Amino acid sequence: MQHKSITFIGTGNMATALIRGLVKAHYPGNCITAHDVNTEKSQALAIELNIRHEADLALAVKDAAIIVFAIKPNAVAAVCQDLKDHLQHKPCIISVAAGIQLATIARFLQTDALAMIRSMPNTPALIGCGATGLYANANAKHADREWAESLFRAVGIVHWCDKESTLDAITALSGSGPAYIFLVMQAMQEAAESLGLEESLAKTFSIQTVLGASRVALETAHSLAELRKQVTSPGGTTEKALEVLEQGNLKALFARAMQSAHQQAKVLSSHYDTL
Ligand SMILES: NC(=O)c1ccc[n+]([C@@H]2O[C@H](COP(=O)([O-])OP(=O)(O)OC[C@H]3O[C@@H](n4cnc5c(N)ncnc54)[C@H](OP(=O)(O)O)[C@@H]3O)[C@@H](O)[C@H]2O)c1
């Protein structure tokens, strides 16, 4: 990865995960600057990871080739207001803020001239197992895309979207997805407890089962439907359980849940666009 100067605005969960990924990939700490309204937080992170810290926003972005918006969506307008007079050097903006379209950020910054990349990572990025959707505007050059891709590859897998609206579907899949799987694991744990297993055993085995199944699915070329068939013997226990899940229309339930998440992603996107 080329060593450009990068500034993170906001040093919460997502920024911390990304900075850790960079540091782990031996990105030089003196090329990374942390800035947060909560200066104690960014200072502590800077000390821990041996990166730079700058409390003044204008100074934090002065020499940055890349600025990462790692703030909550409702803070983006205010940050842009404070930033807009400090971007003459045309840095590339990478936004992690969920639901905010690049055109909205460009409007807040009062410029159409910047390379901008929008990302939709997910919480497993915090442990290097993320899945991130990326979309770049027309000003982003090959080098900007390459750099953004390396940043998110340091915390998981990456997919480039041709249309920005695809990020809404990615939000419904991988953005919200960890919560769906937590619910599935919780349901399995509670069902196991009702079968007489002790709580911690039920929890650990439901988690390990999801982890094991995920790894098998990742490591083979078979489709998910084929993998399911492979572990379902006729007349066996798995077949009986799957019959019940199918009678309950699990797939249709997931389809409805994810359509609802997708719709909400679009609603939030248009809401931020009207600010
Ligand atoms: N966490 C995830 O898994 C995940 C997944 C996908 C997308 N995202 C997106 O990533 C973004 C960051 O999420 P997060 O979980 O990292 O949030 P977070 O932990 O709340 O971090 C945001 C940080 O930004 C600070 N901040 C607020 N206003 C600021 C300002 N004007 N200037 C500088 N810093 C400011 C906050 O300080 P205070 O706490 O003092 O307000 C906080 O330290 C969000 O837009 C979220 O939608 C997160």
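**Stop 1: the ligand**

Select the ligand and the residues around it in this predicted model. The shell holds 25 residues. Which of them come nearest? Gly 10, Gly 12, Met 14, Ala 98 and Thr 123 do. Colour those five, then look at the elements behind the shell. Two elements, α1 (13–24) and α4 (76–83), each give two or more residues to it. The largest share comes from α1, with 3 residues.

Now colour the shell by residue type. How many of its residues are nonpolar, polar and charged? There are 14 nonpolar, 8 polar and 3 charged residues around the ligand.

**Stop 2: the whole chain**

Zoom out and show the cartoon. You should find 12 helices and 8 strands. The C-alpha trace spans about 70 × 40 × 35 Å along its principal axes. The chain has 275 residues, and 32% of them count as buried.

Next, think about contacts across the sequence. Take the contacts between residues at least 6 apart in sequence. Of these, 67% join residues at least 24 apart.

**Stop 3: α4 against α5**

Go back to α4, which you met at the ligand. Add helix α5, residues 102–109. Their axes come within 8 Å and cross at roughly 40°. Roughly parallel would need an angle under 35 degrees, and roughly perpendicular starts at 65. The two helices, α4 and α5, are therefore oblique to each other. Their crossing is right-handed.

Show side chains where they meet. On α4, pick Val 76, Ala 77, Cys 80, Gln 81 and Leu 83. On α5, pick Ile 105, Phe 108 and Leu 109. Which types of residue make up this contact? It has 7 nonpolar residues, 1 polar and no charged.

**Stop 4: α7 against α12**

Now select helix α7, residues 166–175, and helix α12, residues 250–273. These axes also come within 8 Å, and they cross at roughly 135°. Are α7 and α12 parallel or oblique? That angle makes α7 oblique to α12. This crossing is right-handed.

Light up the contact. From α7, take Asp 168, Ala 169, Thr 171, Ala 172 and Leu 173. From α12, take Met 258, Ala 261, His 262, Ala 265, Lys 266 and Ser 269. The contact between α7 and α12 divides into 6 nonpolar, 3 polar and 2 charged residues.

**Stop 5: α10 and Leu 227**

Jump to helix α10, residues 224–230, and select Leu 227. Is Leu 227 buried or partly exposed? It has 14 C-beta neighbours inside 10 Å, so it counts as partly exposed. Being buried would take 20 or more.

What does Leu 227 touch? Leave out residues up to four places away in sequence, and its contacts are Val 216, Ala 217, Thr 220 and His 222. Draw a distance from Leu 227 to Val 216, C-alpha to C-alpha. It should read 8.7 Å, for residues 11 apart along the chain.

**Stop 6: α11, out in the open**

Select helix α11, residues 237–247. How many of its 11 residues are buried? The number is 0, so α11 lies largely in the open. Step on to Asn 249, which follows α11. Its phi is positive, near 60°.

**Stop 7: two loop residues**

Positive phi turns up again at Asn 50, a residue other than glycine, with a value near 60°. Find Asn 50 in the loop between α2 (39–49) and β3 (52–53). It counts as exposed because it has 11 C-beta neighbours inside 10 Å.

Now move to Lys 90, in the loop between α4 and β5 (92–95). Its phi is positive too, near 50°, and Lys 90 is again a residue other than glycine. Is Lys 90 buried or exposed? With 12 C-beta neighbours inside 10 Å, Lys 90 counts as exposed.

**Stop 8: α6 and the chain start**

End at helix α6, residues 142–153, and select Glu 146. Glu 146 is exposed, since 12 other C-beta atoms lie within 10 Å. Add Met 1 to the selection. How far apart are Glu 146 and Met 1 in sequence, and in space? They are 145 residues apart in sequence and 8.3 Å apart in space, C-alpha to C-alpha.

Note on methods: Residues are numbered from 1 along each chain as its sequence is written. This is a predicted model: local features need pLDDT of at least 70, side-chain atom pairs count only at pLDDT 80 or more; totals for chains, interfaces and linings use all residues. A residue is near a molecule or strand if its C-beta atom, placed from the backbone, lies within 6 Å of it. Helices (H or I, at least four residues) and strands (E, at least two) are DSSP runs, numbered from the N terminus. Ala, Val, Leu, Ile, Met, Phe, Trp, Tyr, Cys and Pro count as nonpolar, Asp, Glu, Lys and Arg as charged, and the others, Gly among them, as polar. Two residues are in contact if their C-beta atoms, placed from the backbone, lie within 7 Å. Axes are lines fitted to C-alpha atoms, for helices over the stretch in contact, and angles run from 0 to 180 degrees between N-to-C directions. Angles under 35 degrees count as roughly parallel, over 145 as roughly antiparallel, 65 to 115 as roughly perpendicular and the rest as oblique. A crossing is left-handed if the near helix is turned anticlockwise from the far one by less than a right angle, and right-handed if clockwise.
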